Amino acid sequence: MPKSKRNRAVTLSKTKKKPGLERKGKVVTEIKDAIERYSSAYVFTYNNMRNQKLKDLRDQLKSSSRIFLAGKKVMQIALGRSAADEAKSGLHKLSKFLQGNTGLLFSNLPRDDVERLFQEFEGLDFARTGSVATKTVELKEGPLEQFSHEMEPFIRKQGLPVRLNKGVVELVADHVVCEEGKPLSPQAAHTLRLLGVQMATFRLYLVCRWTSDDFEVYKEGLAQLRVGEADESS
């Protein structure tokens, strides 16, 4: 008679931990190491995140600082959520600001250098579907000589009234691609990319700063964080 699978012994040493738990545990450990290694910690928020531009910033700061973008609860656990479980005195104050689009920066740079870096940093890129247009873009009737004739079917699919006239893509009527203050449709986002028009600005804002003997909240960053939270809830 075959043995029941229910009675099979399981060797616990061979069971594998869930990758997600291992990854979260590694982040907690790395943040705790950063707390010991760096003299100051900041919470920052951001608009129009672009991974490549963030990577460039990480490379720029790698000799003096460390950036973390992880789950908010994971970062809060590493810092401590209260005075009773904080990694260092006062660190739990950062945790309550880890809401919405936020990350952590640990640094040995002087405060003025960090503030100047965040004020000056920005990266332009193409806006994505749903982003709010920063200006009105209108195309006038006539030839669109920047596009080859092979692109005419694709351009037409983006809602532009075009035709081929002797091998040249031609707009048969004025066309508004997007209007300032209104969300971009998928077609508008594609068209702006074709036109080379960049409307998204990746910006970083400091929300608060911690050192062993000081804690500070930045009004502009806090305002940006609240705007972001309002957008998420709407």
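Which residue stands opposite phenylalanine 44 in S3? In this predicted model, the residue of S3 that stands opposite phenylalanine 44 is glycine 103.

## Strand S3 and its partners

Strand S3 covers residues 102–107, and because six of its six residues are buried, the strand is largely enclosed by the rest of the structure. The cover extends to both faces, with Thr102, Leu104 and Phe106 buried on one side and Gly103, Leu105 and Ser107 buried on the other. In a regular strand the side chains alternate between the two faces of the sheet.

Strand S3 is joined to S1 by six bridges, and the two strands run antiparallel. Strand S2, residues 65–68, also pairs with S3 in the antiparallel sense, here over four bridges, and within this pairing leucine 104 of S3 is the bridge partner of phenylalanine 68. Leucine 104 is also one of the residues of S3 that are buried.

## Strand S10 and its partners

Strand S10 is mostly covered, since 11 of its 12 residues are buried. Strand S1, residues 40–47, pairs with S10 in the antiparallel sense over eight bridges, and tyrosine 46 stands opposite leucine 204 of S10. Strand S4, residues 122–125, likewise pairs with S10 in the antiparallel sense, over four bridges, with threonine 201 in S10 as the bridge partner of leucine 124.

Four bridges join S10 to strand S11, residues 214–217, and these strands run antiparallel. The connection between S10 and S11 is a hairpin through two residues, and in S11 the bridge partner of threonine 211 is aspartate 214.

## The second largest pocket

The second largest pocket has a volume of about 180 Å³, and its lining consists of Glu115, Phe118, Gln119, Arg203, Leu204, Tyr205, Leu206, Tyr218, Glu220 and Gly221. By character, the lining residues divide into five nonpolar, two polar and three charged.

Helix H5 (111–120), strand S10 (200–211) and helix H8 (219–233) each supply at least two residues of this lining, and the largest share, four residues, comes from S10. Leucine 204 therefore links two parts of the description, as a residue of the pocket lining and as the residue of S10 that stands opposite tyrosine 46.

## A separate three-stranded sheet

Strands S6, S8 and S7 form an open sheet in the order S6-S8-S7, with antiparallel pairing. Strand S6 (142–143) and strand S7 (162–165) stand at the edges with a single partner strand each, so one side of each is left without a neighbour in the sheet. The pairing of S6 with strand S8, residues 168–171, is antiparallel and runs over two bridges, and glycine 142 stands opposite leucine 171 in S8.

## Helix H3 and the cysteines

In helix H3, residues 72–79, the buried residues are Val74, Met75, Gln76, Ala78 and Leu79. Just after this helix, glycine 80 takes a positive phi of about 105 degrees.

The structure holds zero disulfides. Cysteine 178 is buried, with a relative accessible area of 5%, and cysteine 208 is also buried, with a relative accessible area of 0%.

Notes:
Residues are numbered from 1 along each chain as its sequence is written. This is a predicted model: local features need pLDDT of at least 70, side-chain atom pairs count only at pLDDT 80 or more; totals for chains, interfaces and linings use all residues. Side-chain values use heavy atoms; hydrogens and water are left out. Two strands pair if DSSP finds at least two bridges between them. A disulfide is a pair of cysteine sulfur atoms within 2.5 Å. Buried means under 20% relative accessible area, exposed over 50%, partly exposed in between (1.4 Å probe, protein chains only). On a 1 Å grid over the protein atoms alone, a cavity is a set of points where a 1.4 Å probe fits but cannot get out, and a pocket is an open set with protein on both sides within 12 Å along at least five of seven lines; lining residues have an atom within 4 Å of a point. Grid points are joined across faces, edges and corners, and a volume is the space filled by probe spheres set on the points. Ala, Val, Leu, Ile, Met, Phe, Trp, Tyr, Cys and Pro count as nonpolar, Asp, Glu, Lys and Arg as charged, and the others, Gly among them, as polar.
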